Structures are given as structure tokens and as C-alpha cells.
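You asked for a colleague's reading of this structure before you take it to the bench. Please keep the sequence and the 3D view open beside this note.

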Amino acid sequence: MCRLRWSVTTAVVGCILVVVSCVISFVVVPNIIQDTIISETVLLDDTIQLERFIEVPFPLNFSVRIWNISNPEEFLAGGVPHMDEIGPYVYRLYPLRNVTNMEEDVITYQRIERFEFDAEASYPLTENDYVSVINVPYHAIIQVAQVMFPTLAVLMDLAMDAIYGEFNSPVVTLPVQQLLFTGIPLCAGNVGNIGATACNLIREIGADLQNLKLQDDGSLSFSVLNYKNETPSKDFEVFRGLNDHRRLGEIITFNQSSYLSYWDDDTVSEVQEGPQVSVCNMINGTDASVYAPLVDTDKPVYALNTDICRSVELRYELDTEYDGVPVARFAANEWFLDNDEGCFCLNVTTGINREDGCLLKGAMELYSCVGAFLVLSYPHFLFADERYKNGVTGLNPVENDHKIFMDLEPNTGTPIRGFKRAQFNIFARAVEGISPTANIPTTLVPIFWVEEGLTLPEELLDELRTRLLQTLRLVDILIPVIIAVTAAIFLLGVILIIIAIRRKSTNKVFTT
């Protein structure tokens, strides 16, 4: 009898332990881990994550590849331009946030980026290399002037030498550093009466052109990247994630507005409160440097890219790993620039267009963003319409090398590796009254493409492995072991009960 009671007790205790261990393993422990992850990722005061958010502890890689036109004479005579990719010219990009206000769950800051040429990573290329490129300020200004001042084409043609000086050509040869940072001079020196009139028009045109800077002597300078270097951005106001970790880094306002104003608002979202804002003008996601923990792969992630004046959607693609760390990859593919969202079609850029005036697949107008008829695409015209690809030679689109993607550690949302890639282009075409352009075929000509790359340094990967992944792996091992042990106790109790009952039955038979 005592043996049966002991067996029943063992079984009951084992059953209780199984239930308790399951509750602890599948409810209590996950909640503890989740709370720990959240506390180590949201932007709490006086924490390492807030410190690293304000000043990223390692530089990013910013690479520029320039499209050299190897046959400029043939191109200007009406031939197809052949493009040679020159690069990468690698810069170390040091990002910093200048915090201007911090409230309970909101932080306000300006982004500041400093570029430093990396001679070792760029070798054997240097910033003193000469390249022959499409003359961006030349085409940008005459095309805008054609639209804004169509009756003054003759004046512009007479003033071209005064405006551009030694750079008065549709294709220009110059050092890489001058193209990217020091700038192409316009309206410099004694420009004469006609030149002065034209230059006043250009100053009016260039008032909204971020790449065109007015100099102290009244001249102008055009550069590709100098406007970004050590220049504070507009204000970002974002959530710190304290009240809701799912909103960590989410932008509340940019430039004191909860939406953008670059795109068409004729088509608005079906259900929305407040101002009627099209999907193109919506500010979605973060500034691309921080994402919410406990990543949900059923939902896309978003990031606002101020260089192209829009939010970018990244959709879950696959699970992979980087340097032993499991990651979830989110990417932007062919649908990113498919122009199905009509509000991105400004219908102001003249070139190779659809019947409705919108650009073809794989290209997006940037006029309202940068103040010039520049066109955004993926590098090498990846995913772009064949008519753009066939307009030039020398391009070789490769999806893995040229698309946008981000690898996120799925528990913390930490960006482990990612690449923002974009190519900037301009339509070369004949402009009435500007004689050097008379024979140029209408072509979307690549200027350069950039890659902003993030790869988490080894010391931070080690920290992530030590603080999180090893703990999670230990838990993954211990939980089934604990459940197995408690289940064994329960099973032992059941076996003992069966044995005790059989012995009792046997004793009764012998007694009888």
C-alpha cells in the first residue's frame, strides 16, 4: 500500500513539474527574455544604446562609382554613349546626431555626416583621377531654363561661354574630387552683360537646387556631395520606444511636418486622419539606422531616405546568417521603382516617357526633390525598362550587387549588414537654341551611383553573441532538458503505479 502511495505521489509530482516547467519554459522565460531584449534596445536614459544612437561608434563605408563616357565625340555626334564604371572611390562616413530635445518618449535631432576619403580602400584610384562625365549643371540648367524661360534660349546660347567657362560642353572632363566636393564653377569672373543677365536667371533657377551653392563673390559652384558634408539635416523627431517598443526609432515628424510635400496628393490613402496625404508623401519608418526589436517578418520595414525625398519599403526576403549570426533579410526589389504609385509621376521630366508623361519602369523623377531634372534608378539600370538599358552600352546589372537590402538580427532588430544603393542619371537631349546639343540623341545617361554600406564590426558582433545569442542558445538547450527530466519523473511515477498495482493483484491471487 505504501509503495502504491509513493508511486502515485511520484506521478503527481512529475505531472505538476511537467506543467510548471512548460509554463515557465513557454510563458515565463520568453517574457523575461523579451523584456530583457526590449530594455537593452529602446533608448533609455544613460544607456549604451542611447550613446551609440547619438554617435555611431564606427564609420560607414560610402562608395562612389562614376560613369565615364569613353566616346564623347561619337556621343555628341549622335552615337550611343559607352559607359565605363570607374570606382569605387571609398569614403569613411561618420554619422552623428545633434540632439536638440529629449522628452519622455521622444527625441529630436539633426543628422550630421562627415566624409573622409579612404585612400587605402580606394587604391589604386585617387580623388585626382580625371573622368569624362555628362555635364550635370550644363544639362540641368539649360533644361530647366527651357521650361521656365522658353523665349530666352537665344540669350542662353550666347551666354554659354560666360556661364560655364572651360566647362562649356555637354560632356566634361575633370578630377573626381572636383565633381564630388570642390565643385564646377559657374558664372565666375567677368561674364559681360549678356552673361550677367543669364547668370541672374540661373541664380533664380538654382535657388532650390541643393547641389548648387552661391559663393561669396556671386559665382556659383555645382558639386555632387558637398551639400551633405558636415551639413546638419532638417530636424527628425522620433519615438524612443519607451512606451511601445514597436515604435522604436519611428519618425513622428521631419522638418516639423508629419508628412512630405514633394509629391502629388491627388491620390490619397483610403483611410487616414488629418490632412489628405498621398502614400508618396507619407513619412514611414525610421532613419534607417535603428529598427524595433522582435522583428515581425510578416510586415515590411520602412526607412525615410531624405536624399531621394521618400520613404523606402523593405520586404522580408529570406532567413540567412552573417558571420554566424542569424539574420532576417529585408530588401527592395523591382517593385520599388515600378511607378505604379501614380503620385511619384511628376510629369515634368522630358525624355523617354510613357504616354501619360510618367517615366518608364525602373526610373523616378527627382525634380521636386533636388530642383533639377535628375532621375533616380537602381545601379546599372537594374530592373529598369529595356529602353533605358539600350540607350547606353557598358552596363551590367547584377541583382545581389545592385539592389537595396538590410540584414536584421531578428530578436534585437540590430542592423547587422545593409546596403543603400542608388544611381543618379540625367536625360541628355537636344535643347532648342543650344547648338552643342543639336545632335545628341535622347538618352538617360548615368552620372554616378553610390553605395552606403553598413557592416557591424567584429567587436560588436562578439558583444551581440555573448549578451544575447549564447543566452538564447543556452535557454533552447535547457528548456527541453528540463521538460524531459520532469516528464521522466512523471513517467517513472506512472510505471511505479503500474508495477505496484500488478504486485497487489498478484498477492491477492496467491492469497486466494
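The points below go through the strands, one helix, the cavities and the pocket in turn.

1. Before anything else, please bear in mind that this is a predicted model, and that every value in the points below is computed from that model.

2. I would begin with strand E18 (443-455), since several other elements can be placed by reference to E18. Twelve of the 13 residues of E18 are buried, so E18 is largely enclosed by the rest of the structure. Here "buried" stands for under 20% relative accessible area, a cut-off that also applies to helix H5 and strand E5 further down.

3. Which strands pair with E18 in the antiparallel sense? Strand E1 (residues 60-69) does so over six bridges, and in this pairing Arg65 stands opposite Trp449 of E18. Strand E17 (415-428) also runs antiparallel to E18, the two being joined by twelve bridges; within E18, Glu451 is the bridge partner of Arg421.

4. E17 and E18 both contribute to the lining of the largest cavity, where each of them supplies at least two residues. A search of the whole structure finds three cavities of 30 Å³ or more, and the largest of these has a volume of about 480 Å³. Its lining is made up of 35 residues, of which Asn305, Asp307, Ala422, Phe424 and Val450 are the closest to the centre of the cavity.

5. Which element gives the largest share of the lining of the largest cavity? That share comes from E17, with five residues. Besides E17 and E18, strand E11 (301-305), strand E12 (310-322), strand E15 (374-377) and strand E16 (404-408) each supply at least two residues. By class, the lining of this cavity divides into 26 nonpolar, four polar and five charged residues.

6. Helix H5 (residues 136-148) deserves a point of its own. Its 13 residues reach 18 Å from the first C-alpha to the last, which is close to the 18 Å expected at 1.5 Å a residue. Is H5 largely enclosed or left open by the rest of the structure? Ten of the 13 residues of H5 are buried, so the helix is largely enclosed; the buried residues are Val136, Pro137, Tyr138, His139, Ala140, Ile141, Ile142, Gln143, Val144 and Ala145.

7. H5 also borders the second largest cavity, which has a volume of about 50 Å³. The residues that line this cavity are Ile142, Ala145, Gln146, Phe149, Leu152, Ala153, Met156, Val431, Glu432 and Ile434. H5 and helix H6 (153-164) are the elements that give two or more residues to this lining, and the largest share, three residues, comes from H5. Sorted by class, the residues of this lining are eight nonpolar, one polar and one charged.

8. Two smaller sets of strand pairings can be checked directly in the viewer. Strand E4 (residues 130-134) and strand E5 pair in the antiparallel sense over five bridges, with Thr173 in E5 as the bridge partner of Ser132. Strand E5 (residues 171-175) is mostly covered, four of its five residues being buried.

9. The other set is an open sheet of three strands in the order E6-E8-E7, with antiparallel pairing. Strand E6 (184-186) and strand E7 (212-214) stand at the edges, each with a single partner strand, so one side of each is left without a neighbour in the sheet. Neighbouring strands of this sheet are turned by 30 degrees against each other on average, direction ignored. E6 and strand E8 (residues 220-222) pair over three bridges, and the bridge partner of Pro185 in E8 is Ser221.

10. Finally, the largest pocket holds about 1,000 Å³ of space. Of the 44 residues that line this pocket, Arg52, Ser289, Thr414, Pro415 and Leu456 are the closest to its centre. The elements that give two or more residues to the lining include helix H1 (2-39), helix H2 (48-54), strand E2 (83-102) and strand E3 (106-117), and E17 and E18 are also among them. Helix H12 (458-511) gives the most, with seven residues. By class, the lining has 24 nonpolar, ten polar and ten charged residues.

Notes. Residues numbered from 1 in each chain as written. Predicted model: local features only at pLDDT ≥ 70, side-chain atom pairs only at ≥ 80, totals over all residues. Heavy atoms only, no water. Expected span 1.5 Å × (residues − 1). Buried < 20%, exposed > 50% of the residue type's maximum accessible area, 1.4 Å probe, protein only. 1 Å grid on protein atoms, 1.4 Å probe; cavity = no way out; pocket = protein on both sides within 12 Å on 5 of 7 lines; lining within 4 Å. Points joined across faces, edges and corners; volume = space filled by probe spheres on them. Nonpolar A, V, L, I, M, F, W, Y, C, P; charged D, E, K, R; others polar. Pairing = 2+ DSSP bridges. Axes fitted to C-alpha atoms, helices over the stretch in contact; angles between N-to-C directions.
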